[in-house]
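Subject: Structure handover

Dear colleague,

Here is the structure we spoke of, with notes on its charged and aromatic side chains below. Please look through it before reading on.

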Amino acid sequence: VQLQASGGGLVQAGGSLRLSCAVSGRTSSSYVMGWFRRAPGKEREFVAAIGRSGGVSRYSDSAKGRFTISRDNAKNTVYLQMNSLKPEDTAVYYCAADTPPIRVYSSWSSDDSYDYWGQGTEVTVSS
């Protein structure tokens with residue numbers, strides 16, 4: 001399984017970006033997919049996750065109301081739409097896959113739940 005994240009860049013505060021994560025190697029529809037980020041000098045943290053069919057999602061408190069995770073299983077791609085970006089959203093964003101047997105919903109926010117990771121895409125939000 002290979003994950004390729006893209007879509008990062010430089011944006012002004014209040015702007016938007018859409019990150020994409022292309023999954024190759026196996027059909028992604030059986031995976032729970034997550035987005036995490038690591039800000040400079042900080043630990044990696046959970047941002048959002050989405051269930052296999054796309055009907056269930058989970059967000060960190062900082063992402064709620066501003067970010068939306070979605071997936072297109074026909075394209076084996078997961079997205080993270082980020083709106084109202086803030087300078088504190090500056091980080092490298094990583095997508096990750098939890099392959100079967102998948103973990104329960106309460107574990108989706110833990111990076112230990114994920115088996116495969118992409119290389120990251122950098123997001124910089126200027127003030």
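A residue is called buried under 20% relative accessible area and exposed over 50%, and partly exposed in between. D115, at 33% relative accessibility, is therefore partly exposed. Please keep in mind that this is a predicted model.

Salt bridges

Side chains of opposite charge can pair when their charged atoms come close. The structure holds seven salt bridges, including the three described here.

D115 pairs with R103, and their closest N and O atoms are 3.4 Å apart. Both residues sit in the loop between β9 (91-98) and β10 (116-117), twelve residues apart. Like D115 at 33%, R103 counts as partly exposed, with a relative accessibility of 29%.

Another salt bridge joins R37 to E45, at 2.6 Å from N to O. R37 is buried, its relative accessible area being 5%, while E45 is partly exposed at 36%. This pair also belongs to a wider arrangement: a network of salt bridges links R37, E45, R66 and D89.

The third one to mention is between D61 and K64, where the closest N and O atoms lie 3.5 Å apart. Is D61 buried or exposed? With a relative accessible area of 66%, D61 is exposed, because the cut-off for that class is over 50%.

Aromatic pairs

A pair of aromatic rings is described by the distance of the centres and the angle of the planes. The count of such pairs comes to five. One of them is F36 with Y114, an edge-to-face pair with 5.3 Å between the centres and 80° between the planes. F36 belongs to strand β4 (residues 32-38) and Y114 to the loop between β9 and β10, so this pair ties together parts that are 78 residues apart in sequence. F36 is buried at 1% relative accessibility, and Y114 is buried as well, with a relative accessible area of 6%.

Which residues do ring pairs link into a cluster with F36? They are F46, Y114 and W117.

Charges over rings

W117 appears again here: the charged end of R44 sits over the ring of W117, 3.8 Å from its centre. Elsewhere, R58 lies over the face of Y105, at 5.2 Å from the ring centre.

Regards

Key: Residues numbered from 1 in each chain as written. Predicted model: local features only at pLDDT ≥ 70, side-chain atom pairs only at ≥ 80, totals over all residues. Heavy atoms only, no water. Salt bridge = Lys/Arg side-chain N within 4 Å of Asp/Glu carboxyl O. Buried < 20%, exposed > 50% of the residue type's maximum accessible area, 1.4 Å probe, protein only. Helix = DSSP H or I, 4+ residues; strand = E, 2+ residues; numbered from the N terminus. Phe/Tyr/Trp six-rings, centres within 6.5 Å; stacked < 30°, edge-to-face > 60°. Lys NZ or Arg CZ within 6 Å of the ring centre and 35° of its normal.
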